[in-house]
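Okay everyone, thanks for squeezing me in. I'll put the structure up now, and then we can walk through a few of its strands together.

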Amino acid sequence: MPRLILWDIDGTLVRAGDVGAVIFDVAIEKRLGRPPSSRVLMSGKTDPQIVLEYLSEFDLRDAHTELPAILEDLATELAARAPVISAHGTVLPGVAELLQRLDADEDVVQTVLTGNIAPNAMVKVGAFGLDRWLNLEMGAYGSDHADRNELVPIAMAKVEQARGLSYKPDDVWVVGDAPNDLACARAAGVRCLLVATGRPTFDELEALHPDAIRHNLSDVDDIYGLLAP
């Protein structure tokens, strides 16, 4: 049975460490002369959304005019820190084995759906070699749209354009660790698996009534059977 699997990255596939937050401080200070005074909650948000939240504390006539340059700097800063991610970040339990197994299934297409801008998503999964099992050219990124709820249709359109494949809603899974992952799946009418490997607890995620929920991805047989029956 054909399946399209859209993976969140941070907190679902990997933990990149503090550099994922630090680069926002660096990029904003580079453009505006000082870093933000505090950190915003980043989980489940797109990079453009995070930047604009940070910029709300600055006295700017139009924060959107600063956005393209700051996003460009985010990409530059994270690329420079790729060795740090490799050395100090982690791949979450079961991820590598699961991605490899799904990649070998000819009925499955898997890519990413993430708030990261595309260059940063590629750095994060590439730092751990996960990119070999993901069709990243068909992913949906924060650089495609600032609203995460718009990303599932973008990914589906890319797959159809690249592979000529179209999917029924029940054939598509979003896998993530945050309420916004479920929200974007619901907005597109597709299914969602939530894993309690990010900031929200299992009980908090379970209360949202996703299509499926697991503590993590370590039981590869179980997750594979769920996503690619």
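**Around strand β5**

Let's start with one pair: Gly176 has Leu194, in β6, as its bridge partner. That's part of a bigger pairing, where β5 and β6, residues 191–195, sit parallel with 4 bridges between them. And how does the chain get from β5 to β6? It goes through helix α8, residues 179–188, and this β-α-β crossover is right-handed. Keep in mind that this is a predicted model, by the way.

Now, β5 itself. Is it enclosed or open? Largely enclosed by the rest of the structure, because 5 of the 5 residues in β5, that's 172–176, are buried. Look at which way they point: Val172, Val174 and Gly176 go one way, Trp173 and Val175 go the other, and all of them are buried.

Next, β1, residues 3–7, which runs parallel to β5, with 4 bridges joining the two. If you want a spot to click on, take Leu6: its bridge partner in β5 is Val174. Leu6 also has a bridge partner in β4, and that's Thr111. So which strand is β4? Residues 108–112, and it pairs with β1 over 5 bridges, parallel again.

What about burial in β1? It's mostly covered, with 5 of its 5 residues buried. Arg3, Ile5 and Trp7 are on one side, Leu4 and Leu6 on the other, and both faces are covered. Yes, Arg3 is on that buried list too.

Okay, that's my tour; over to you.

Conventions
Residues numbered from 1 in each chain as written. Predicted model: local features only at pLDDT ≥ 70, side-chain atom pairs only at ≥ 80, totals over all residues. Heavy atoms only, no water. Buried < 20%, exposed > 50% of the residue type's maximum accessible area, 1.4 Å probe, protein only. Pairing = 2+ DSSP bridges. Right-handed = clockwise from strand over helix to strand, strands pointing away.
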